Amino acid sequence: MSGKLFDLSGEVAAVIGGTGALGGAMAQALGEAGAKVAIIGRSAERGGERVQQIQAAGGTAIFQSADAMSRDSLTAARDAIASQLGTVTVLVNAAGGNKPDATLPPGSDFCKLSNAAWNEVFDLNLVGGVLLPSQVFGESMVAAGKGSIINIASMSGMIPLSRVVAYSAAKAAVINLTMFLAREWATKGVRVNALSPGFFPAEQNRKLLFNDDGSYSARGQQIIGHTPMARFGTAEELGGATVWLAAPKASSFVTGQNIVVDGGFSSVTI
Ligand SMILES: NC(=O)c1ccc[n+]([C@@H]2O[C@H](COP(=O)([O-])OP(=O)(O)OC[C@H]3O[C@@H](n4cnc5c(N)ncnc54)[C@H](O)[C@@H]3O)[C@@H](O)[C@H]2O)c1
């Protein structure tokens, strides 16, 4: 294999949820490493902002509207990107998150958690988050004999966190599905890995981590207290692992893995 270890100049990356905090930063890192990037999401405004940021850094990027919960929408997006940038070779599945209805209030009864809220979180993180995009983009990667899929799981997929039971279980399923797909496509030229962030402030978890005045919530303080690095992560800190997993040369023999970026949270028990 020729070329530089972390060179992405031959790659076309689609980042679903590139409109969000973590997906946006991952898209930025891919663009700055030389990949052509398609930001996929539902907000043209937020997607357009990220496109501008990647272009300002000298990269190539477009926004493509799509709903990760719809196979038809994803298929249309895949084909539109192929005609503008080329066949997608790197897929980042970063649409996902928790839902307030699926979060148990402190001291509440787990037996009362609604089935609807549970299903909503599983649908978002597992079906729209990984299953449908992997089927749609995976199909063209397998046909091309080349690809890297990076699924955003979570540290909570390994250690179930209190209160966010549906989210933790859904992310555990994301890690499991990642391993399944890795084996399925290992001889087809397509690698599939998960990236598990610890705690990174974003819209979907802001209310859990901060009070309205911006100070840490009790839960936020508890998390910082348990994190050896004693801070939350910044979205840019996912860039290195993202570029590594995307790079055909740097991670050529890496598939079915779950890469944890959490400031050490999951490495300590107290
Ligand atoms: N922030 C954290 O601390 C943290 C930790 C671990 C894992 N994660 C995971 O990282 C991923 C990104 O989360 P984030 O924190 O950046 O949140 P975010 O809310 O900023 O980003 C998620 C993005 O996905 C988009 N999205 C949601 N549903 C969609 C759909 N149906 N179609 C297209 N786009 C859709 C949202 O509009 C948003 O832009 C999620 O899977 C989340 O569970 C986040």
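The paragraphs below lead through this structure, from its sheet to its two domains and two of its residues.

This is a predicted model, in which local features need pLDDT of at least 70 and side-chain atom pairs count only at pLDDT 80 or more, while totals for chains, interfaces and linings use all residues. Residues are numbered from 1 along each chain as its sequence is written, and side-chain values use heavy atoms, with hydrogens and water left out.

A good place to begin is the sheet. Seven strands form an open sheet in the order S3-S2-S1-S4-S5-S6-S7, with parallel pairing; strands (E, at least two residues) and helices (H or I, at least four residues) are DSSP runs numbered from the N terminus, and two strands pair if DSSP finds at least two bridges between them. Strand S3 (60–65) and strand S7 (258–261) stand at the edges, and each has a single partner strand, so one side of each is left without a neighbour in the sheet. From one strand to the next, the twist averages 20 degrees, where axes are lines fitted to C-alpha atoms, for helices over the stretch in contact, and angles run from 0 to 180 degrees between N-to-C directions.

We can now follow the pairings across the sheet. Strand S1 (residues 12–16) pairs with strand S4 (residues 90–93) in the parallel sense over four bridges, and Ala14 stands opposite Leu91 in S4. Helix H2 (residues 44–56) packs on the sheet, where it touches strand S2 (36–41) and S3, and its direction makes about 170 degrees with that of S3; contact here means heavy atoms within 4.5 Å. S4 is joined to S5 by four bridges, the two strands running parallel, and Leu91 stands opposite Ile149 in S5. S5 is joined in turn to S6 by six bridges, again in parallel, with Ile152 opposite Leu195 in S6.

Helices link these strands as well. S4, helix H4 (residues 115–144) and S5 make a right-handed β-α-β unit, and S5, H5 and S6 make a right-handed unit of this kind too; a crossover is right-handed if, with the strands pointing away from the viewer, the path from the first strand over the helix to the second runs clockwise. Helix H5 (residues 165–185) lies across strand S5 (147–152), strand S6 (190–197) and S7, running at about 160 degrees to S6.

How is S5 covered on its two faces? In a regular strand the side chains alternate between the two faces of the sheet. In S5, Gly147, Ile149 and Asn151 on one side and Ser148, Ile150 and Ile152 on the other are all buried, where buried means under 20% relative accessible area, exposed over 50%, and partly exposed in between (1.4 Å probe, protein chains only). At the edge of the sheet, Thr60 lies in strand S3 and is partly exposed, with a relative accessible area of 40%.

Beyond the sheet, the protein is divided into domain 1 (12–198 + 236–262) and domain 2 (206–232), with bounds that come from an automatic or database domain assignment. The centres of the two domains, taken over C-alpha atoms, are separated by 25 Å, and their contact takes seven residues from domain 1 and four residues from domain 2. Arg219 is found in helix H7 (residues 218–226) and counts as buried, at 13% relative accessibility. Leaving aside residues up to four places away in sequence, Arg219 touches Leu161, Ser162, Arg163, Val164 and Leu208.
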